[in-house]
Amino acid sequence: MIRFMLRLGVSPPHTYLLTVRGRKSGQAHSTPVTLVEEGGERWLVAPYGEVGWVRNARAAEQVTL
């Protein structure tokens with residue numbers, strides 16, 4: 001539901017659609033994420049640990065918000 005809302009441009013505050021290439025497939029995958037801003041820095045927080053999008057982002061070293 002959140003992914004659909006984000007694509008329509010309607011979302012909760014600080015929620016974005018993160019797109020990253022899969023480390024094995026090379027296919028682009030998108031997932032909703034919350035961006036935390038503190039002290040002029042921005043952080044993506046993975047509340048459930050090192051899930052697939054985290055491993056893909058680390059391998060790709062580049063994501064799109």
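Reader: Which residues does P32 touch, not counting residues up to four places away in sequence?
Author: This is a predicted model. P32 lies in strand 2. Leaving out residues up to four places away in sequence, P32 touches I2, R3, L6, Y16 and L17.

Reader: Is P32 buried, partly exposed or exposed?
Author: Buried means under 20% relative accessible area, and exposed means over 50%. P32 has 29% relative accessibility, so P32 counts as partly exposed.

Reader: What distance separates the C-alpha atoms of P32 and T15?
Author: P32 sits in strand 2. Along the chain, P32 and T15 are 17 residues apart. In space, their C-alpha atoms are separated by 6.7 Å.

Reader: How far apart in space are R42 and A59, C-alpha to C-alpha?
Author: R42 belongs to strand 3, residues 41-44. In sequence, R42 and A59 are 17 residues apart. From C-alpha to C-alpha, the distance between R42 and A59 is 19 Å.

Reader: Which residues is R42 in contact with, leaving aside its neighbours within four places in sequence?
Author: R42 has a relative accessible area of 60%, so R42 is exposed. R42 still has contacts beyond its neighbours within four places in sequence. The residues in contact with R42 are L35, V36 and E37.

Reader: In what order do the elements of the chain run?
Author: The secondary structure comes to two helices and three strands. Helix 1 covers 2-8. Strand 1 covers 15-21 and strand 2 covers 28-38. From the N terminus on, the order is α-β-β-β-α.

Reader: Where do the buried residues of helix 2 fall, seen down its axis?
Author: Helix 2 spans residues 52-60, and its buried residues are W53, V54, N56 and A57. Seen down the axis, these buried residues fall within an arc of 165 degrees, so they line one face of the helix.

Reader: What covers the buried residues of helix 2?
Author: The buried residues in question are W53, V54, N56 and A57. Their cover includes strand 1, strand 2 and strand 3.

Reader: What is the phi of H14?
Author: Most residues other than glycine have a negative phi. H14 is in the loop between helix 1 and strand 1. H14 is a residue other than glycine with a positive phi, near 65 degrees.

Reader: Is H14 buried, partly exposed or exposed?
Author: Exposed takes over 50% relative accessible area, and buried takes under 20%. H14 has a relative accessible area of 43%, so H14 is partly exposed.

Reader: Which residue with a positive phi follows helix 2?
Author: The residue is found in the segment after helix 2. Its phi is positive, about 60 degrees, although it is not a glycine. At 72% relative accessibility, it counts as exposed. The residue is E61.

Reader: What share of the 65 residues in the chain do buried residues make up?
Author: The chain exposes about 5100 Å², and carbon and sulfur atoms supply 52% of that area. Buried means under 20% relative accessible area. Of the 65 residues in the chain, buried residues make up 20%.

Reader: How far apart are the mean positions of the positive and negative charges of the chain?
Author: The C-alpha atoms fill a box of roughly 30 × 30 × 20 Å along the principal axes. The chain has 8 positive and 5 negative charges. The distance between their mean positions is 15 Å.

Key
Residues numbered from 1 in each chain as written. Predicted model: local features only at pLDDT ≥ 70, side-chain atom pairs only at ≥ 80, totals over all residues. Heavy atoms only, no water. Helix = DSSP H or I, 4+ residues; strand = E, 2+ residues; numbered from the N terminus. Buried < 20%, exposed > 50% of the residue type's maximum accessible area, 1.4 Å probe, protein only. Contact = heavy atoms within 4.5 Å. Areas by Shrake-Rupley, 256 points an atom, 1.4 Å probe, with all protein chains shown as cover. Lys, Arg positive; Asp, Glu negative; His and termini not counted. Charge placed at Lys NZ, Arg CZ, Asp CG, Glu CD. Arc of directions from axis to C-beta.
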